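The exercises below ask you to read a structure step by step. Try each task with the sequence and the 3D view in front of you before turning to its solution.

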Amino acid sequence: MSSEILYSVQHLDVDYSTRIGDVRAVDDVSLDIRTGEILGLVGESGCGKSTLGKAMMRTITVPGHITGGQLVFEDIYLMSLTEKQMSHIRGNKIGMVFQDPMTSLNPLMRIADHLTEAIRVHNKDMSKQDARDRAMEMVKELGIRVERIDDYPHQFSGGMRQRIMIALVLALNASLVIADEPTTALDVIVEAQFLDVLRDLQQEFNLTILLITHNIGVVAEIADRVAVMYAGKMVEIAPVESLFADTKHPYTRGLLKSVPNIDVDNQDLYKMKGAPPNLVAPPSGCRFHPRCPYAVALCSRELPELMSVGEDHQAACWIYSDRDDRPRDETE
Ligand code: SF4
């Protein structure tokens with residue numbers, strides 16, 4: 001993994017117009033994705049993580065709108081591109097893998113046709129037979145039997161379809177893969193196999209992957225760094241080891257404490273108090289304050305920005321400020 005930035009999200013705002021008012025689903029979010037890393041983006045349902053992924057591809061549709069900020073990919077300002085230019089970036093540079101691959105695979109096309117078509121987009125002089133041979137190598141590499149290359153998408157299991165999606169992204173030569181909940185529909189064994197394949201491919205092709213998931217266990221398994229969102233805001237960003245060993249933000253602490261440990265019998269699972277806020281009327285100040293065990297008056301008055309809390313580690317929490325009226329962490 002290098003420290004070079006492949007994709008930079010800068011102060012991004014995404015709003016949805018609803019009957020009961022405008023909802024800011026992504027609020028002033030900044031995030032850098034580094035070349036060759038797997039960045040895990042986690043948070044509860046409705047925190048804005050999938051909206052952020054879609055906004056990065058500029059595929060937010062009405063009633064949603066990107067209302068502020070910049071998206072910079074390989075030094076290209078994506079918000080300045082026409083839709084035609086943007087669709088070229090989507091088809092060639094950034095690949096997306098969704099929870100349900102059937103939404104992206106044409107049910108009437110055989111896997112071989114999906115792959116050869118994608119390969120020939122980039123290798124216009126390649127013969128159909130050579131593209132087919134290349135497609136066969138790819139499916140083999142992804143652990144799919146080559147005899148199945150002429151099967152249709154519905155003839156594959158969910159895990160195999162996800163592998164085919166990754167093969168398509170590789171065929172496109174995409175440098176960034178945005179994978180939105182790719183393992184949510186898979187059972188744990190297939191999920192583990194898929195994550196192994198993803199990690200191997202990432203290393204072999206130096207892919208950069210943004211892995212969007214509600215499952216912090218998936219992130220622990222595979223990510224290099226982790227970004228945590230809460231109620232449309234980015235609240236913590238850290239290398240995966242620091243996030244687990246030295247968790248800073250109270251929300252992330254709650255998230256980690258709520259995950260069951262299969263090595264422990266009869267454990268009392270932590271339950272975070274309250275529920276995620278209604279984004280039509282989000283709480284004042286820090287959005288987590290109604291649920292936070294550390295909250296003080298300052299927290300409900302003023303919104304904390306992301307601040308440095310360790311090496312390559314940032315958290316948006318007043319505990320780490322130098323203000324006299326800040327909340328105190330009992331572990332200090
Ligand atoms: Fe809790 Fe206050 Fe930190 Fe928000 S700013 S997470 S309310 S301590």
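**Exercise 1.** Is G53 buried or exposed?

*Solution.* Keep in mind throughout that this is a predicted model. Begin by locating the residue, which is found in helix α1. Next, take its relative accessible area, which is 0%. A residue counts as buried when this value is under 20%, so G53 is buried. Then look at the surroundings: leaving aside residues up to four places away in sequence, G53 touches M96, I178 and I212. Finally, compare positions along the chain with positions in space, where G53 and A179 are 126 residues apart along the chain while their C-alpha atoms are separated by 8.4 Å.

**Exercise 2.** Work out in what order the strands β1, β2, β4 and β5 lie in their open sheet, and which of them are edge strands.

*Solution.* The sheet is open and is formed by 4 strands, whose order is β2-β1-β4-β5, with antiparallel pairing. The edge strands, each of which pairs on one side only, are β2 (21-34) and β5 (76-77). As a general background, strands of a sheet pair through backbone hydrogen bonds, in either a parallel or an antiparallel manner.

Now follow β1, which covers residues 5-18 and is joined to the antiparallel β2 by 10 bridges. The connection between β1 and β2 is a hairpin that passes through 2 residues. Two of the residue pairs can be traced in the view: Y16 has V23 in β2 as its bridge partner, and L12 has V29 in β2 as its partner. Turning to β4, the pairing with β1 is again antiparallel and extends over 8 bridges, and here Q10 stands opposite Q70 in β4.

**Exercise 3.** Determine which strands helix α1 touches when it packs on this sheet, and at what angle to β1 it runs.

*Solution.* First find the edge strand β2 (21-34). Helix α1, made of residues 49-57, packs on the sheet and touches β2 as well as β1 and β4 (64-73). Comparing directions, that of helix α1 makes about 115 degrees with that of β1.

**Exercise 4.** Describe the surroundings of R90, starting from its accessible area and going on to its polar contacts.

*Solution.* R90 lies in helix α2, which spans residues 83-92. Its relative accessible area is 17%, and since the limit for a buried residue is under 20%, R90 is buried. Its side chain makes a polar contact of 2.2 Å with the side chain of E83, and it also reaches the backbone oxygen of R58 at 3.2 Å. Not counting residues up to four places away in sequence, the residues that R90 touches are M57, R58, T59 and E83.

**Exercise 5.** Decide how the overall compactness of the protein compares with the globule rule for 332 residues.

*Solution.* Start with the content of the protein, which has 10 helices and 12 strands. Its radius of gyration is 21 Å, close to the 20 Å given by the globule rule for 332 residues, so the protein is as compact as a globular protein of that length. Along its principal axes, the C-alpha trace spans about 70 × 50 × 40 Å. Of the 332 residues, 50% count as buried, and the protein exposes about 15,900 Å², of which carbon and sulfur atoms supply 50%. As a last step, consider the contacts with a separation of 6 or more: residues 24 or more positions apart account for 64% of them.

Technical notes. Residues numbered from 1 in each chain as written. Predicted model: local features only at pLDDT ≥ 70, side-chain atom pairs only at ≥ 80, totals over all residues. Heavy atoms only, no water. Pairing = 2+ DSSP bridges. Contact = heavy atoms within 4.5 Å. Axes fitted to C-alpha atoms, helices over the stretch in contact; angles between N-to-C directions. Rg over C-alpha atoms; globule rule 2.2 N^0.38 Å. Buried < 20%, exposed > 50% of the residue type's maximum accessible area, 1.4 Å probe, protein only. Areas by Shrake-Rupley, 256 points an atom, 1.4 Å probe, with all protein chains shown as cover. Polar contact = N/O pair within 3.5 Å; in protein donor to acceptor, adjacent residues only side chain to side chain.
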